[in-house]
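Colleague: Please show me the model, and let me ask how you arrive at the words you use for it.

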Amino acid sequence: MRGERFCILLITVLQSVCTMSSVISHGFKSSKEDFCFGPWTVTAAKTHIMKSKDIERLADEMHMPSLPEMLFGDNVLRIQHNNGFGIEFNAIDALKCVNNMQDSVKVACAQEWQESRSDSEHSKEVVKHYDWTYTTDYTGTLLGEQIQMKVTPTTERIDVEKLKAREQIKFFEDVLLFEDELHDHGVSMISVKIRVMPTSLFTLLRFFLRVDGVMIRINDTRLYHEAGQDYMLREFSTRESKISDLQHVPPALYTDPNEIAQHLPLKLTKCEKLNFPEREKQRETESSQ
């Protein structure tokens with residue numbers, strides 16, 4: 001009897017180890033979640049890193065020497081109306097906004113970076129060919145085959161005070177799109193977070209770049225929609241600084257985007273209104289009468 005119990009216990013342990021190994025070897029668990037917010041469906045899909053052969057093929061198609069080490073090509077955060085229009089955030093479209101003909105850091109401080117890494121052949125070669133930092137000003141991909149939201153400039157800003165209000169968070173998700181350690185010289189990554197409250201939804205798409213000893217850059221896209229409104233507000237901003245100008249900031253903060261952001265000077269901001277299609281406006285007006 002004891003021998004039988006021992007065998008059963010051993011099999012159970014081995015099965016657990018196999019299961020654990022399977023999870024560890026993949027390093028992730030695929031998931032897809034849908035959440036309804038009025039006429040909107042929020043979809044957050046997270047899956048595995050793209051395979052090497054697929055990354056090579058994509059790099060050829062995009063005319064880039066290489067792509068981020070961790071590229072989640074099938075990860076997506078989508079906000080879609082019942083009538084088809086909406087917006088989504090995905091890695092491939094984010095990479096399409098990278099300047100693959102010129103290094104964006106080269107103008108400002110690539111020389112500094114090369115001097116600080118003079119022993120690296122990568123630093124001498126790659127900066128000549130493309131933006132090795134994968135800096136992107138991506139702000140999302142509009143959805144809809146027949147109708148799409150119309151983007152117009154606006155002076156209206158996202159009401160930060162409303163976001164500070166203590167509202168119950170009905171849905172939250174954080175989706176990583178890509179990440180690269182720049183050959184151990186820093187980090188380049190972009191991820192998107194969303195939180196849905198009873199009366200509104202808020203999304204933050206953040207590109208974070210740190211080139212060790214040289215610079216830090218953050219490109220943020222904030223998207224806000226309040227229930228009952230016929231538009232979304234989108235704000236894009238760029239903050240960056242040379243490391244030499246951050247001597248007053250503890251180096252421990254350099255690796256935390258949330259902490260370092262407040263110490264980076266604002267370089268650019270752009271505010272837009274994403275207006276819902278006219279047909280949808282009319283329907284919403286008629287249904288409310």
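Colleague: Why is Cys 97 called partly exposed?

Modeller: Buried means under 20% relative accessible area, exposed means over 50%, and partly exposed is in between (1.4 Å probe, protein chains only). Cys 97 has 33% relative accessibility, so the middle word applies.

Colleague: What should I know about the source of such values?

Modeller: This is a predicted model, in which local features need pLDDT of at least 70 and side-chain atom pairs count only at pLDDT 80 or more, while totals for chains, interfaces and linings use all residues. Residues are numbered from 1 along each chain as its sequence is written, and side-chain values use heavy atoms, with hydrogens and water left out.

Colleague: Why does Cys 36 count as exposed?

Modeller: Cys 36 has a relative accessibility of 58%, and therefore it counts as exposed.

Colleague: How many disulfides does a search of the whole structure find?

Modeller: Zero. A disulfide is a covalent bond between the sulfur atoms of two cysteines. The test asks for a pair of cysteine sulfur atoms within 2.5 Å, and the search of the whole structure finds zero.

Colleague: How many helices and strands does the protein chain have?

Modeller: The chain has eight helices and 13 strands. Both are DSSP runs, numbered from the N terminus: a helix is H or I with at least four residues, a strand is E with at least two. Of the 289 residues in the chain, 45% are buried.

Colleague: What makes β1 and β2 a pair?

Modeller: Two strands pair if DSSP finds at least two bridges between them. Strand β1 (residues 31-37) and β2 are joined by seven bridges and run antiparallel. One of the partnerships is Lys 32 with Ala 45 in β2. The two strands form a hairpin with two residues between them, and Gly 38 in the turn has a positive phi of about 60 degrees.

Colleague: Is strand β2 mostly covered or mostly open?

Modeller: Mostly covered: β2 (residues 40-46) has seven residues, and five of them are buried. On β4 (residues 76-81), β2 has another antiparallel partner, with six bridges between them. There Thr 41 stands opposite Gln 80.

Colleague: In what order do the strands of this open sheet of five stand?

Modeller: The order is β1-β2-β4-β5-β6, with antiparallel pairing. β1 and β6 (141-143) each have a single partner strand, so they stand at the edges, and one side of each is left without a neighbour in the sheet. Neighbouring strands are turned by 20 degrees against each other on average, direction ignored; the axes are lines fitted to C-alpha atoms, for helices over the stretch in contact, and angles run from 0 to 180 degrees between N-to-C directions. At the β6 edge, strand β5 (residues 86-90) pairs with β6 over three bridges, and Gly 86 has Leu 143 as its bridge partner.

Colleague: How do you know that the buried residues of α2 are on the same side?

Modeller: The buried residues of helix α2 (residues 52-61) are Ile 55, Leu 58 and Ala 59. They cover an arc of only 105 degrees around the axis, which puts them on the same side of α2. The arc is that of the directions from the helix axis to the C-beta atoms. Lys 53, Glu 56 and Asp 60 are exposed on the other side.

Colleague: Against which elements do the buried residues of α2 pack?

Modeller: Against β3 (70-71) and α3 (91-96). Contact means heavy atoms within 4.5 Å.

Colleague: Why is Thr 154 called buried?

Modeller: Its relative accessible area is 18%, so Thr 154 is buried. Thr 154 lies in the loop between β7 (150-153) and α6 (160-164). Leaving aside neighbours within four places in sequence, Thr 154 is in contact with Leu 233, Cys 271, Glu 272 and Lys 273.

Colleague: Which backbone atom does the side chain of Thr 154 reach?

Modeller: The backbone nitrogen of Glu 156, at 3.0 Å. A polar contact is a pair of N or O atoms within 3.5 Å; within protein, one must be able to donate a hydrogen and the other to accept it, and residues adjacent in sequence count only if both atoms are side-chain atoms.

Colleague: What makes β3 and β7 edge strands?

Modeller: An open sheet of eight strands has the order β3-β8-β9-β10-β11-β12-β13-β7, with antiparallel pairing. β3 and β7 each have a single partner strand, so one side of each is left without a neighbour in the sheet. Four bridges connect β7 to strand β13 (residues 266-275).
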